[in-house]
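The following account leads the reader through selected features of one protein model. Please keep the sequence and the coordinates at hand while reading.

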Amino acid sequence: IYSLDFSWDPFGVLLRRRATGTVLLNTTVAPLIFTDQFLQIATSLPSRFLYGLGEHRGTLLHSLDWSTLTLWARDVSPTESFNLYGAHPFYLLMEEGGDAHGVFLLNSNAMEVALQPAPGLTWRTIGGVLDFYIFLGPDPNMVIQQYQQVIGFPAMPPLWALGFHLCRWGYGSSNETWQTVRAMRNYQIPQDAQWNDIDYMDGYRDFTFDPQKFASLPSLVEDLHKHGQRYVMILDPGISSTSPHGSYWPFDEGLRRGLFLNTTQGQPLIGQVWPGLTAFADFSNPDTHQWWLENLQRFHAHVPFDGLWIDMNEPSNFMDGSEHGCPPGELDSPPYTPAVLGDSLSAKTVCASAKQKASVHYNLHNLYGLMEARATARSGGSAPSSSPAPPSPARAGIQGTGWATIGASGRTCITPSQVGLLSFSLFGIPLVGADICGFSGSTSEELCTRWMQLGAFYPFARNHNTQNEKAQDPTVFSPAARTAMKNVLLTRYSLLPFLYTLFHRAHLQGDTVARPLFFEFPRDVATLGLDRQFLWGRSLLVTPVLEPGVDSVTGYVPRGVWYDFYTGSSVNSSGEMLKMLAPLEHLNLHVREGAILPTQKPGTTSEATRGNPLHLIVALSSSGTAWGDLFWDDGESLDTFKRGSYSYLVF
């Protein structure tokens, strides 16, 4: 389906799609530069419709007007034009006529991608090799499936991971956390999991809990389990290095086994994170995985957690490099430094020259989050049989791992959260969502209500908040707002069979769960720039309100018949922008003709919902046909599909 031609002068390759003659790559447009620490290759592009190349804050459709996208994992509150937490060197391009292709550069070094209005694109990396994968689709869904055939398909989450999660930094105590859980139950608002941020720890040290303020944590977890709920806590890769010898096993044992990042002198590299001075676990060393597992088992014996939230794994460092800075040399001061925030590879992370088991950090930095996620996932497989493998959202990531975090509260953040959601779908990461109602800054009742409506349709739905700001869980708002939040969560829970089936398809073959409209309507050019609406699967259109003080929303309705999710009333669209009523208590949802959605009477946990009657929503097409499917297993065991322990029904 393609032809590949080599040219000697000018030097390069030309890749064409045979069916249309479209030139997908032409690297003769600029010289190839290939040295040990500077590699550059450029290509023309067949159109301006380019997506991907994460992680950045902006619009889903990139501007090609001389913008540069830098890929180097960095702990910074999401800001436009900076390199953020993860590195995803993959783009999807929509060609004229609706075909799609993708390009993936398998390279973990610091890099930048320069976008030019020609249209064209230049890859620039400071290590590794140029190892490109081209995915020819021709449909955008197929491109993402083909990409995941290379990087791996996502794990199947347990059903409870798709329920509603609640968290904040600054509950201050386990009793305060428990009080929030009880208030949620009191108002019968759905909640599957309660989380804690770093304030549960003793002195911010991993694998500890505060013996005074969080003394009742084991009892809280026991109570959650009695009510069919789960517990998740945060863990960081920086291990406190200042406790007296013999008093903190994780550091003593890691030091004894030689499991930390080392300086060029062979001593543990010491930086600073929440507990103060810290060493950093070397997850490229298989022995570290065993030590990590042993730490988790020791903690699990006291606090039987169900999932882990692995954070700060860019890795984040409050110093630049280490307590002694970084040594001179070509790793910490390379001949060329991409446009990274802070103008240095070691800005707010460890030295690029740090030694790890597999290589130097210069080559492994963008892989650090992935390696920690692998160590954590393997530990999950060794967890006691009563606790299924915990999902472990990782903040930093490279192809195949990561999660979207959106920092501040405010209208400036609710819209980018949706773009992050859709971008991560392109990267093969379906279990994604931002901090509902915003992390930093105080939210308002209206903003939080609208964000809870949007967040109820994030594949991963968690409300999270920082310390010293007013609480923003649903129970603290007025009865009207609280009811609106409760109702939209009940809608989500009623759709869990549909959502769980979408995740099965993602796990099995790399389908996206939340997807941009152009994935389903690639020949409709009006959809190519849309990122304020999205679809669940092929058939559920979500049109959230992203503006303050309005009671209507204008959204695009692609060609065909669409049914109002709540009333069943139909609209026959020619492919047009439609104004929809959107009072504060209402989220617009539409079902596409020809779809069958499996639903269930919602309970206040996924476990309670599982026992309730199932229903089908049948949206007949104009020719009187409809299709849908349902994947059903026990909701928590590993590898049920592989073992045949499931039912799969087609309607």
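**A guided reading of the model**

In this predicted model, helix α4 passes helix α5 in a right-handed crossing. The residues that make this contact are W249, P250, E253, G254 and R257 on the α4 side, and Q290, W291, E294, N295 and R298 on the α5 side. Sorted by class, the contact comprises 3 nonpolar, 3 polar and 4 charged residues. Helix α4 spans residues 249–257 and helix α5 spans residues 286–300; their axes come within 11 Å and cross at roughly 160°. Angles over 145 degrees count as roughly antiparallel, and α4 and α5 are therefore roughly antiparallel to each other.

From the helices the reader may turn to an open sheet of 6 strands. Its order is β19-β15-β14-β13-β21-β20, and the pairing is parallel. The edges are occupied by β19 (307–310) and β20 (435–436); each has a single partner strand, so one side of each is left without a neighbour in the sheet. Strand β20 is joined to strand β21 (residues 461–463) by 2 bridges, and these two strands run parallel. Within this pairing, D435 stands opposite R462 in β21.

Elsewhere in the sheet, β13 and β14 run parallel and are joined by 2 bridges. Here H165 stands opposite A193 in β14. Strand β14 covers residues 193–196, and both of its faces are covered: A193 and W195 on one side are buried, as are Q194 and N196 on the other.

One residue of β13 merits closer inspection. Strand β13 consists of residues 164–166, and L166 lies in it. Is L166 buried or exposed? Residues under 20% relative accessible area are classed as buried; L166, at 0% relative accessibility, therefore counts as buried. Setting aside residues up to four places away in sequence, L166 touches a set of residues that includes A193, Q194 and W195. Also among the residues that L166 touches are Y171, T180, M184 and Q191, together with R462, N463, D473 and P474. A further relation links L166 with H464: these residues are 298 positions apart along the chain, yet their C-alpha atoms are separated by 6.4 Å.

A separate set of strands has β11 as its point of reference. Strand β11 (residues 120–125) has 6 of its 6 residues buried, so it is largely enclosed by the rest of the structure. Burial applies to both faces of β11, with G120, T122 and R124 on one side and L121, W123 and T125 on the other.

Which strands pair with β11? Strand β5 (residues 39–44) is joined to β11 by 6 bridges, and the two run antiparallel. In this pairing L39 stands opposite T125 in β11. Strand β10 (residues 111–116) is likewise joined to β11 by 6 bridges, again in an antiparallel arrangement. The bridge partner of Q116 in β11 is G120. Together, β10 and β11 form a hairpin with 3 residues between them.

The backbone of the loops deserves separate attention. Most residues other than glycine have a negative phi, and most peptide bonds are trans. Against that background, the loop between β10 and β11 contains P119, and the peptide bond from A118 to P119 is cis, with omega near 5°. A second cis peptide bond joins G54 and E55, where omega is about 10°. E55 belongs to the loop between β6 (49–54) and β7 (67–71).

The loop between β19 and α6 (361–364) includes M312, and D343 is found in the loop between β19 and α6 as well. M312 is not a glycine, but it has a positive phi of about 60°. D343, also not a glycine, has a positive phi of about 60°. How are these two residues classed by accessibility, buried or exposed? M312 has a relative accessible area of 4% and is therefore buried. For D343 the relative accessibility is 67%, so D343 counts as exposed.

Conventions:
Residues are numbered from 1 along each chain as its sequence is written. This is a predicted model: local features need pLDDT of at least 70, side-chain atom pairs count only at pLDDT 80 or more; totals for chains, interfaces and linings use all residues. Side-chain values use heavy atoms; hydrogens and water are left out. Axes are lines fitted to C-alpha atoms, for helices over the stretch in contact, and angles run from 0 to 180 degrees between N-to-C directions. Helices (H or I, at least four residues) and strands (E, at least two) are DSSP runs, numbered from the N terminus. Angles under 35 degrees count as roughly parallel, over 145 as roughly antiparallel, 65 to 115 as roughly perpendicular and the rest as oblique. A crossing is left-handed if the near helix is turned anticlockwise from the far one by less than a right angle, and right-handed if clockwise. Contact means heavy atoms within 4.5 Å. Ala, Val, Leu, Ile, Met, Phe, Trp, Tyr, Cys and Pro count as nonpolar, Asp, Glu, Lys and Arg as charged, and the others, Gly among them, as polar. Buried means under 20% relative accessible area, exposed over 50%, partly exposed in between (1.4 Å probe, protein chains only). Two strands pair if DSSP finds at least two bridges between them.
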